Amino acid sequence: MRRVVVLLLLAAGCRQLFGLEPPSRGVVVDAPSSDTADAYVPDAGPCLAASTECLSDVLRTCSAPGATPVDTTCSWGCIGGTSSSYCGRLQPVGGGVTSDDLNPSSMLAGVTLSGPLIVDGDTGAIGTTSLPTSIRPSGAGIQNGIGYAVHGNVAVFRFASLTIAGGAIVAPAGAHAVALVADGAIDVAGTITTQASCVNGGGLLGAGQGGAAGADAVGSGAGRGGTGSVGGGGGGHGGQGGVGGQGAVNSNGPTFGDAQITVLLGGGGGGGGGGAAGGNGGGAVQLASNTRITIAGGMNAGGCGGHSTGGGGNGAGGGGAGGAILLEAPAITISGALAVNGGGGGAAGGSGTGANGTLDRTAAAGDSGLPNGGDGAAGAITNGANGGVAVGRGGGGGGGIGRIRLDTRSGAASITNGAVLSPAPSDNTTCTQGVANIQ
């Protein structure tokens with residue numbers, strides 16, 4: 001009789017250890033923020049053998065017989081069954097960031113950025129205009145707790161966690177698209193802007209360069225240039241650019257890319273008019289985290305305005321298309337603003353430029369001189385407006401809309417009622433959400 005009782009107790013203990021039936025007691029482990037309920041994880045005694053096991057989102061590891069089990073909460077979920085189980089890992093999209101870039105490291109620091117700062121994707125330096133290396137010096141590797149490497153066309157900056165403080169303005173710069181990645185949380189209370197690309201020498205951030213006077217823009221989505229009185233076409237990306245005044249129907253920049261942002265590229269540049277240059281496309285920025293992304297501030301990857309001629313008989317430059325914003329985390333919460341609006345076209349009778357894409361759902365105005373430049377795309381409007389036409393001269397076309405992608409564990413970000421997205425998921429297919437690629 002005693003032998004029977006002992007055997008029954010041993011059998012019950014094994015069933016509890018491998019999660020086959022609820023034990024008499026247990027612990028509640030907080031589930032990842034993408035879940036709505038806590039996960040029940042049974043207690044376990046000493047390991048009976050080396051093994052790994054998934055218990056909801058918890059990976060239980062036994063290193064050897066008699067060892068104490070080690071429980072690890074998997075932010076991207078636990079994959080497997082009673083053997084060969086492991087924590088899932090994000091397989092980032094965009095063509096630059098890798099899974100290894102999100103690995104934790106004791107050499108990386110939790111960083112808070114405040115004030116106006118430039119993040120230089122060409123050199124790895126982070127600092128102010130007057131002190132460009134005050135936060136991080138130039139050079140590859142981990143320095144001052146921040147990692148930097150260039151993968152293809154993407155400059156990847158690594159942190160343990162990242163906070164962009166309220167009121168801070170962080171301006172990525174350089175030729176490469178920029179990615180900010182962390183194993184921990186990324187919280188944006190300030191503003192990330194690519195508008196440095198709208199200033200000569202400010203860098204393109206993976207976008208197309210506007211054409212010089214009379215020349216086509218460079219890169220994907222390029223607007224066509226115009227000679228003499230013809231205005232340059234607006235750049236394209238998620239939507240087409242506007243046709244330059246007096247120009248051929250196909251002078252506007254075409255769409256390119258895909259909804260998933262498989263390749264992280266900025267918007268197409270505007271074509272140069274007969275007498276003025278086109279605006280650069282908006283840059284490309286990616287945030288990736290193993291924990292969460294919170295946007296209470298804003299991210300602006302709007303296109304740049306085309307240049308005006310100041311009168312005479314020459315055409316004006318087209319506006320650049322909006323860029324790209326790519327966010328990947330188990331949970332994304334947006335209460336602030338994201339915008340990838342197109343830039344306005346220049347005017348053949350004006351002396352300034354079309355407006356740059358702004359951090360709202362308002363279309364960037366083409367310069368108002370006559371003939372005017374076309375407005376840039378914004379909100380639910382995907383294509384830039386055509387440039388104005390007058391006798392002997394034409395305004396530049398407006399830039400098309402860019403692309404926004406939100407990848408989470410559940411497939412849907414938390415977007416509050418006060419959030420402003422241009423475009424928004426409900427507008428069109430240039431702002432999309434999906435389930436992150438986990439392996």
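Student: What share of the contacts with a separation of 6 or more comes from residues 24 or more positions apart?
Tutor: Those residues account for 63% of such contacts in the protein, where contact means heavy atoms within 4.5 Å. This is a predicted model, in which local features need pLDDT of at least 70 and side-chain atom pairs count only at pLDDT 80 or more, while totals for chains, interfaces and linings use all residues. Residues are numbered from 1 along each chain as its sequence is written, and side-chain values use heavy atoms, with hydrogens and water left out.

Student: OK, and what is the mean pLDDT?
Tutor: The mean is 90, and 89% of the residues reach 70 or more, pLDDT being the predictor's confidence in each residue, from 0 to 100. Over residues 1-38, however, the pLDDT is below 50, although this stretch has 53 contacts in the model beyond near neighbours in sequence.

Student: Why should I be careful there?
Tutor: Because predicted coordinates should not be read in detail where pLDDT is low.

Student: Switching topic, how many aromatic pairs are there in the whole structure?
Tutor: A search finds one, with rings of Phe, Tyr and Trp (its six-membered ring) pairing if their centres lie within 6.5 Å, and planes under 30 degrees apart counting as stacked, over 60 as edge-to-face and the rest as tilted. Tyr148 and Phe157 form this tilted pair, at 5.1 Å centre to centre and 40 degrees between the planes.

Student: Are those two buried or exposed?
Tutor: Both Tyr148 and Phe157 are buried, that is, under 20% relative accessible area, with exposed over 50% and partly exposed in between (1.4 Å probe, protein chains only).
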